[in-house]
Amino acid sequence: MRAEAAPEAAPLGRRERNKLRVRERLYTAALTLFTEQGYDETSIDEIAERADVARGTFFNYFQRKEDLLGTWGEMRRDRLRDALAADALGSGAARTRLQGCLRALGKMNDEDQRETRAMLMAWVRAGRPLLEEPYLAELFSELVADGVARGEFRAGTDADRVGNALRDLYLGTLYRWCMQPGRKGALSKELLATLDLLLYGALAQPAPARA
């Protein structure tokens, strides 16, 4: 049966549009300041002043400065979903889809290296990698599980374990890149090389079975 199209959302009224614009101004002002002078060095007063709103207005949209990190993470997830949808990788081989996902992540970070570095450092210091849902690990796991089901990967492969390993490798590669940002495209190239290393290994002969 053909799925029915989702009903279109009703257009926002003027009040809702204004609220969205103010929230966007606050978020953009915060990211600009974090990039210019650092997350810890930026106060809520400075964010409100840069956004040209009263200090109290900030708390109508964010309870604390740290909430901006969660918003940053959510927007990055949305950008990744949009990029994957635009590449139409839904029916390709699992390895191709994993490569497309890592390319999209590399490009997204590459587009603004300074912002990525500032926000990633703040995100890590706030403990977000441990506190937030492991979205990337789950995405990678889904792709690997599909590959196992289609016989692209070895039967019995633990998709969750591979997904977690890929997330760890991605974050480790991203941290190193942020400390020593290189030319455009360098991050994507490194991520793809890391993916191949995980999928194909470094041993000349298969590892012996464990007792």
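Reading from the N terminus onward, the elements of the chain follow the order α-α-α-α-α-α-α-α-α-α, and the count for this chain is accordingly 10 helices and 0 strands. The model shown here is a predicted one, and the values that follow were computed from its atoms.

Before turning to single residues, it helps to consider the chain as a whole. The chain has 211 residues, of which 38% are buried, while its accessible surface amounts to about 13,400 Å², with 52% of that area belonging to carbon and sulfur atoms. If one takes the contacts in the chain with a separation of 6 or more, 70% of them are made by residues 24 or more positions apart.

One residue to look for in the structure is Q99, which is found in helix α5, the element spanning residues 94-110. Q99 counts as buried because its relative accessible area is 13%, and the cut-off for that word is under 20%. Once its neighbours within four places in sequence are set aside, Q99 is in contact with L192, L195 and D196.

From here the reader can move on to the largest pocket, whose volume is about 660 Å³. This pocket is lined by 16 residues, and those closest to its centre are R154, T157, V162, L198 and L199. Two elements, α9 (159-179) and α10 (186-200), are the ones that give two or more residues to this lining. As for the chemical character of the lining of the largest pocket, its residues divide into 7 nonpolar, 3 polar and 6 charged.

Note on methods:
Residues are numbered from 1 along each chain as its sequence is written. This is a predicted model: local features need pLDDT of at least 70, side-chain atom pairs count only at pLDDT 80 or more; totals for chains, interfaces and linings use all residues. Side-chain values use heavy atoms; hydrogens and water are left out. Helices (H or I, at least four residues) and strands (E, at least two) are DSSP runs, numbered from the N terminus. Buried means under 20% relative accessible area, exposed over 50%, partly exposed in between (1.4 Å probe, protein chains only). Contact means heavy atoms within 4.5 Å. On a 1 Å grid over the protein atoms alone, a cavity is a set of points where a 1.4 Å probe fits but cannot get out, and a pocket is an open set with protein on both sides within 12 Å along at least five of seven lines; lining residues have an atom within 4 Å of a point. Grid points are joined across faces, edges and corners, and a volume is the space filled by probe spheres set on the points. Ala, Val, Leu, Ile, Met, Phe, Trp, Tyr, Cys and Pro count as nonpolar, Asp, Glu, Lys and Arg as charged, and the others, Gly among them, as polar. Accessible areas come from the Shrake-Rupley method with a 1.4 Å probe; for residues, only the protein chains shown count as cover.
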